[in-house]
Amino acid sequence: MDVLLGLQWGDEGKGKVVDVLAARYGVVARFQGGPNAGHSLEMEGKRYVLHTIPSGVFRPGAVNIIGNGVVIDPIIFREEVSMLEAAGIDLHSSLYISRKAHLILPSHRALDAATEQAKGKDRVGSTLKGIGPTYMDKTGRNGLRVGDTELPDFKARYQALRDKHCGILAQYPTEVDFAQHEEEWFKGVECLREYQLADTEVMVNGYLDRGESVLAEGAQGTMLDIDFGSYPFVTSSSTVCAGACIGLGVAPARVGRVYGIFKAYCTRVGAGPFPTELHDATGELLREAGHEFGATTGRPRRCGWLDLVALRYAIMLNGVTDLIMTKADVLSGFDAVRVATRYLLHSGETRTLPYTLDSDLQPLYDECPGWQTPNASTYGELPGNLQHYVAYLERETGVPISMISVGPDRSQTIER
Ligand code: GDP
Ligand code: IMO
Ligand code: MG
């Protein structure tokens, strides 16, 4: 099983690249996260955004799996499958959903909103999709799972959990009304049940036993990981490579290549430290040129230069074998491109990520000569200075960059 995951704060272009790679895999499987993810795919002038469904669905013949590590909101799932149906993609025979995946209830979303509001200026900037409360119920052993929808007392189980949530919500000052979403939620559950619910961990291992190729698709990014990200400004799942083993039920020794994807610069949406963030015209330029607005929430993304301290840390945690760099085209037109290689702290310089990313931490930069629009279909045709940037990053990280993305369309991809 190969794994593709984000090395930064999410939105690295995972959807686009999974769609490109999926042509070579028999199975594509999402292993964590939920509809907080927004994975964009572009082909033949059309753009699609996927939240829960794996990004292999546009490749005919591929099996797509939503693994046990994913959390599913049936309302969003139903919207997603009808969007795909309208695009001519029918998933009834090619999509499998783990019975062990947890369900996001309308009351989980209400809890997400209430807790975020109560945090005030300290809020995480969550996508408000109910992710945190759902994973809390999972680890707290209260959650509802996809497989529970097949049980005769499902409705009673739903009501018990909802009532529990209502008790918690009563402690918050503002009332969040979710009653109007319940009917829609149960319609979503009906829709979910029209698809193939399965013990996907057994399926995935069976595919691997038969020599089928499996690509695990991550959501979010390493710097949003619950253990290793910029806690508490993180998501609630394991976004690192080990999360693919847990989120699909695959043994670590079965992991082959690990594709680590990063933007040629950095973005972050939501709150939390971001050492190389640019608050000036250059940051604005990156946001405009890169269309850096969230695929799920539409929020403007914070932008900054590439951070090698964080990138090296992410490569270490994931055991990245192949780097994939996206949005090289967005950096076109700069005279020089900057890259943070170390941080200046009170205690001196460091090349490794410190425990806290305080605001008085100062990134120290290298400068690489800039390039013009990379209108190319082969590596050799890319501007010399972009090739220089690639070689520089490979030297700094010790990992080959095997793919470079120079535009949002699936065709705008250069392999080496
Ligand atoms: P994901 O969450 O990692 O799948 O990434 P998103 O889809 O949230 O955000 C990436 C955005 O950049 C999307 O709008 C993509 O269409 C777009 N994109 C992906 N690769 C490239 C690229 O190489 N160049 C440009 N200009 N846009 C890209
Ligand atoms: P993809 O898969 C970027 C961020 C939110 C917030 C924090 C916690 O598209 O890369 P959550 O809703 O998970 O409780 O929010 O994590 N976040 C993302 N940022 N891309 C994502 O997904 C994200 N999913 C969550 O903005 O700061
Ligand atoms: Mg995204």
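This report describes an annotated binding-site segment and the surroundings of ligand 2 in a predicted model.

## Annotated segment

An unreviewed UniProt entry carries the annotation "binding site" for A295, T296, T297, G298, R299, P300 and R301. Of this set, A295 and R301 belong to the lining of the second largest pocket.

Two further members of the annotated set, G298 and R299, can be placed in the fold. G298 sits in the loop that joins α9 (281–289) to β13 (302–304), and R299 is found in the loop between α9 and β13 as well. G298 has a relative accessible area of 44% and is therefore partly exposed. R299 is also classed as partly exposed, because its relative accessibility is 24%, and the lower limit of that class is 20%.

## Contacts of R299

Beyond its neighbours within four places in sequence, R299 is in contact with G125, S126, T127, V269, G270, E292, F293 and G294. With G125, the side chain of R299 makes an approach of 2.8 Å to the backbone oxygen.

R299 also faces the ligand: a polar atom of its side chain lies 2.9 Å from an oxygen atom of ligand 2.

## Surroundings of ligand 2

Ligand 2 is surrounded by 21 residues, and the closest are D11, K14, H39, T127 and T235. T127 is thus one of the closest residues to ligand 2 and is also in contact with R299.

Side-chain N or O atoms of two other residues approach ligand oxygen atoms: the distance is 2.7 Å for K14 and 2.9 Å for N36. On its own, ligand 2 has 550 Å² of accessible area, of which the protein covers 97%.

Methods: Residues numbered from 1 in each chain as written. Chains lettered and ligands numbered in written order. Predicted model: local features only at pLDDT ≥ 70, side-chain atom pairs only at ≥ 80, totals over all residues. Heavy atoms only, no water. UniProt positions renumbered as here; feature names shortened; annotations may be inferred. 1 Å grid on protein atoms, 1.4 Å probe; cavity = no way out; pocket = protein on both sides within 12 Å on 5 of 7 lines; lining within 4 Å. Helix = DSSP H or I, 4+ residues; strand = E, 2+ residues; numbered from the N terminus. Buried < 20%, exposed > 50% of the residue type's maximum accessible area, 1.4 Å probe, protein only. Contact = heavy atoms within 4.5 Å. Polar contact = N/O pair within 3.5 Å; in protein donor to acceptor, adjacent residues only side chain to side chain. Near = heavy atom within 4 Å. Areas by Shrake-Rupley, 256 points an atom, 1.4 Å probe, with all protein chains shown as cover.
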